[in-house]
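Visitor: I would like to learn how to read a contact between two chains. Could you take me through one, step by step?

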Amino acid sequence: MVIREAFTVRASVERVWAFLEDVPRLATYVPGVEAVEETGPDRYRGRLAVRIGPISARFEGVVRIIRREPPARLEAEMEGQDGASASWVKASFLGTLEPAAGGTRLACEIDLTLRGRLAQFGSAILEATARRMIHAFAQRLQEALESPHAP
Amino acid sequence: MAIGRSVPMRDAEARVRGTVAYLADLRLPGMLTAKVVRSPFPHARIRRLDPRPALRIPGVVAILTAEDFNRPGAPRLFYGVDRKDQPVVARDRVRYVGEPVAAIVAETAEAAEEAAQAIEVEYEELPAVFDPLAATKPEAPQVHEDCPGNVFLHTRLRHGDLEAGFAAADLIVEETYTTPPACHVALEPHGVIAQWADGRLTVWSATQAPFVVQETLAELFGLPREAVRVIVPPLGGGYGGKGYVRLEPLAAALAWKVGGRPVRLILERSEEFVTLTRHAACIRIRTGVRRDGTLTARQVEVYWGAGAYADITPRLLRGAGLVRVVGPYRIPAVHVDAYGVYTNLPPAGPFRGTMSFEGAWAYESHMDTIAHELGMDPLELRRRNLLRPGDRFCTGEVIEEAFFLECLEAAVRCVGWDQPYEKGEGGRRRGRGLAVMMKSTLPRSRSECRLVLWADGVLELHTGTVEMGQGAHTALAQIAAAETGIPLERVQVIGPDTDRVPYDATTSASRSTSMMGTAIREAALRLKEEMRRRAAPLLEADPEELILQGTGVMVRGRPEVWIAWEDVLRRHGLEALEAHGVFETQGGLDPETGQGIASPHWHQGAGACEVEVDIETGKVRILRYCAAAYAGRVINPALATLQNEGNVVFGLGQALMEQILFDQGQPVNANMSDYQIPSLRDLPEVLESVLLESPEGSIHGLGEMTLPPVAPAIANAIFDAVGVRIRDLPITPEKIWRALHGE
Amino acid sequence: MANRERFALHVNGQIHVVEAEPARRLLDVLRADLGLTSVREGCGIGVCGACTVLMDGRPVSSCLLLVSQVHGQPIVTVEGLGGNGALHPVQQAFVEHFAFQCAYCTPGFILSIVAWLEQTSGQDPESLEEYLSGNLCRCGSYRNILKAAWAAARNREPSRL
Amino acid sequence: MRPEVLHPATLSDALAALAAYGEEARPLAGGTALVLLLHHRLIAPRVLVCLEEVRELRGLQFAEEGIQIGAMVRLQELARSPQIRERLPALALACQEVGNIRIRNQATLGGNLAEADYASDPPIALMALEAILEVHGPNGPREIPIAEFFRGPYTTALEPGELITAVRIPLPPPGSRMTYLKFRTRSAEDRPCVGVAAVVAFEDGICRELRIAVGAACETPQRRPEVERLAVGRPLTEAVIQAIAQGYADQIETLNDLRGSAAYRKRMIEVHVRRALEEVRDGHRSFGADAGC
């Protein structure tokens, strides 16, 4: 399933780009992310706890930045596994930045595939969960970027 | 007379008491439980597979992986009825979501379950392809190393001069139809129990093809056939899904690894959706027609999505995959190209109405499109072109028994086709549709049986035909009774058990009543001949002078010189008298030209219906449906009618709601809430069933005939009602709505 | 097995004491511990009705019920219908009307019809649909099942349960 | 390992059990959703707190001002109750549409609400009926208006350790008519593609109050009071009905699933809001005579 989310933040393209590139910090804005560490250049390892309806899952996996065109385009891939529910998640992320009136327009496209037992739970609920998470992430990012205390 | 009577199913009482023992009800001492570990990826390399953490779980007895097949004395890893391309468990690579990568045997289901989760498998995902047409494109990922382009078989049918045929046409219509993968959804899941003892393998399996299972297992394990015994309990539904070989190799390999104790493997419902599906098909059909409705040429190109393994598809493509997509019409020039295509989906195989369902969906919808373009009544177009007795079909065969038009006319009578028709106004519109189909049965197949007459007068019928609810054992017993003259109450059916009954190819393709029935007649003749020979000295007469009278023998013209069969046996000191019957069909098609004998006889069925379409929602209500089949000689009218009606109910599901949905190869509706089958509230308001009989005709199977017309008859009725042509199954309200509202 | 408990189940007119994990499904207890194999697993999610049992006269899905959710209510399976070896009138009607093919679903249908006869006037097509539409028959014997239900309704006798 | 099952007889014992085990406990009402999750190993609680014997959760009470339904009342009982059918037909209709008779015999109203399945019928009717949920938890009792209860699919306003104890439904104003429409796209046993509940109070042919709830097409049941107000003070003419139907279609964010795409559902909302209002305008849907149970 592909989920798209776009919003405009009151910050320069460069500033948003810098924010996007810093994966460990960026990850703190993703709801449910528990830990992220760098394992090599453009390689990260992390853990994500997520509630899909009545079901709790904890995915452990990796994030790889596979392409960057500063300050306009960033592509990344994520893969994770939840042992308890024998489920796998895979996502590709494409973020594009462009100047917009009053700041920067950030468009995200996330292509998500879930496999294993959780995938049988129903596509609508999975999509709703993913959408909710991405929406929350976008909101938090927006708040952080617009906050005067932002780094 | 035992034939033509609606006698209840032989074990009717056990069926209503719930005491019929299906596979899941069998309990063997020391029985272990198995669980399959399946691939979550549609295409991946297996980087690492470590069963050790699972072995440490209490209760786990053994774990089977591809490694085991490297051991000395191990069975072969690969099997398949044609191409031996399918591993018992995946080695190095997985090709569909749900492919077995390992299997666990444990004392309890809980331990097996826990172990299945503890096995560590690391995958490296590979690009995958899911659509059969897309799979044939040069850039498509390759599913098997040895099959570039993913087409593992291309068969052809060439009849007449296609170019001349199209040149002679006033109109050429070309369309593309598709059908998605679907699931059989027998309420009883697949199940097997396997056990090794004293160098012999015994398998209890809910299979439609015990002898194919026997042969495959013997080959896998390097055993003589006799060393493998296959026993089949009554099936809780089959519909093709239990045809050929399914779980048996895996269960047998697990039993081999365990070495002695019986191992039971029963699938969970979700696993059913990745075990066997209907073919995903893409059918391009192009037809030339004269203004008067005479068909001049037809070209069909079919891409049969076989999934990750070829299974039965190659065999089908040499016959069914060609001839079941043309239609029962006289067409001077016909070309068919059928492609068997690998994709990263679960394997496809036999499915009630195999390839006829897909074929009729295309050619019968297409016929209505042609009729519409010609401004001709759809029935009239068919009247002009349907095969009649003595006509030559595109395979070169002459069709002797041809009742297509009679079937169609019987069906349309129920919807008053000739009457003026009010389609309605406003939000709900009505329409009528019809469809007819022709289906081959299996050429080159053999059925054998044995009749054993015991001295106490009981006649045993030993048969490999599987009872899966179609009432085959009842119908066959009726035939045995009729052919021998022994009262039906004294006929007992034994089998299927490969140790006890002679060979039978398979219980599928609606072949059993006809083929096994003929074998029974053959055996009965021999039994009677033997009886005459034995009776002759007792009656002091020549065998030629003797005739059979009831269950006795008498001298012609002297009714007082009569001896009962039981007495013949007793006087000879025989416990029983046996006779063997064989019936074999010949034929087969040349894979390059499609010429030859496609079928010993042809299944013929038609349907007509009346629907109501809610224009605002696209929802369709089936007001009336009539299914007509050519039944030849009917053995048991009540059971035959049940088959006919069952076809319609099954077909309604396939037409209106059934489809396994995959998201990147992952099934997303692998349960019976998300994948729906019809309930009694989905029945047409009026459902009629017609069996066309011909007392001198042959015996015909009825398990499928009226299923393929259901989807095109409904689609044609929808077109009649609202002018919308749906070409991709299933016909959902949303598709109709989109077509109506141009979205 | 760690947390097994004893349960006294009132099944087909008899009390059966079984030892089972409290969160075991009633379906599994009936089949494995009591040998009542007419109760069958079809879908495992309460949709198909192959595992139907009557609890306090009401049809329920034994695949969606834990053994510890049974609080003394009587349970009936088709093994408990009829008496003295005779078929229950609904069973008899099923035989007479050829109301089954593979028969995997049959016990569930029969129990649903028994409940319909016991709990309603047994005369209303809508209520029959209400009781039966949740039982699925993949062989498609629905028409004959309906005929059998109506035949049983016509010949109905005082409760045999 | 399978969980233990506790059988508290009182509400306070049930709440105490839930509090004691925290995240590791789950309340067990009818079990139709929970047993499924448990069996398919999608959840693994250590303790189930069975609510069957909790006295405070039982019973239907009818009073002048409304109806109080114990959380453990079965959906079939609501579908069949003559009083519910007479006074709150939309609720009876919605309960009658759930799953099949076996599910309805087992599933409870409290369990149904707590599960918050987006594709379920009763929440939609309760939304239009402005039900109030009585909830007890570690911090005592509170009331949650149903409009504030659903936070997302399978997500509710219940705090850890809280239980729904009863659902209170104020009787709609005199002269009210109501219905519930379920639209299915596949088999007759399917869950709704769209569900619409409508409650309209008329006075001399003039609409005094109108409530429409739409669900199954969206993440939670939805109402749009600003659209509902279009009808107030007017007769339910074709134009008014169409404006309301259009308003609901425009304003509700729909979802995609096996039963239909988001775009299709928008239009189906329009069609079924309109049909529900036409039905209400033209009179009640009647029930079959054979009440049973």
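Guide: Happily! Let us begin with a term: a salt bridge is a side-chain nitrogen of Lys or Arg within 4 Å of a carboxyl oxygen of Asp or Glu. Keep in mind that this is a predicted model.

Visitor: How many salt bridges are there between chain B and chain A?

Guide: The count is three. One of them joins Glu125(B) to Lys90(A), with the closest N and O atoms 3.1 Å apart. On the side of chain B that touches chain A, α3 (109-118), β8 (120-125) and β33 (666-667) each supply at least two residues. Sorted by class, that side of chain B has seven nonpolar, six polar and four charged residues.

Visitor: And how is the size of such an interface expressed?

Guide: Often as the accessible area lost when the parts come together. Here chain B and chain A bury about 1,100 Å² between them, and 44% of that lies on carbon and sulfur atoms.

Visitor: Which three residues supply 36% of the area that chain B buries against chain A?

Guide: They are Pro40(B), Gln117(B) and Gln666(B), and no other three residues supply more. In total, 17 residues from chain B and twelve residues from chain A take part in the contact.

Visitor: What about confidence?

Guide: Where pLDDT is low, the predicted coordinates should not be read in detail. Chain D has a mean pLDDT of 94, with 96% of its residues at 70 or more. Over residues 288-293 of chain D, however, the pLDDT is below 50. For the model, the scores are ipTM 0.95 and pTM 0.96.

Methods
Residues numbered from 1 in each chain as written. Chains lettered and ligands numbered in written order. Predicted model: local features only at pLDDT ≥ 70, side-chain atom pairs only at ≥ 80, totals over all residues. Heavy atoms only, no water. Contact = heavy atoms within 4.5 Å. Buried area = accessible area lost by both parts, 1.4 Å probe. Helix = DSSP H or I, 4+ residues; strand = E, 2+ residues; numbered from the N terminus. Nonpolar A, V, L, I, M, F, W, Y, C, P; charged D, E, K, R; others polar. pLDDT = per-residue confidence, 0-100.
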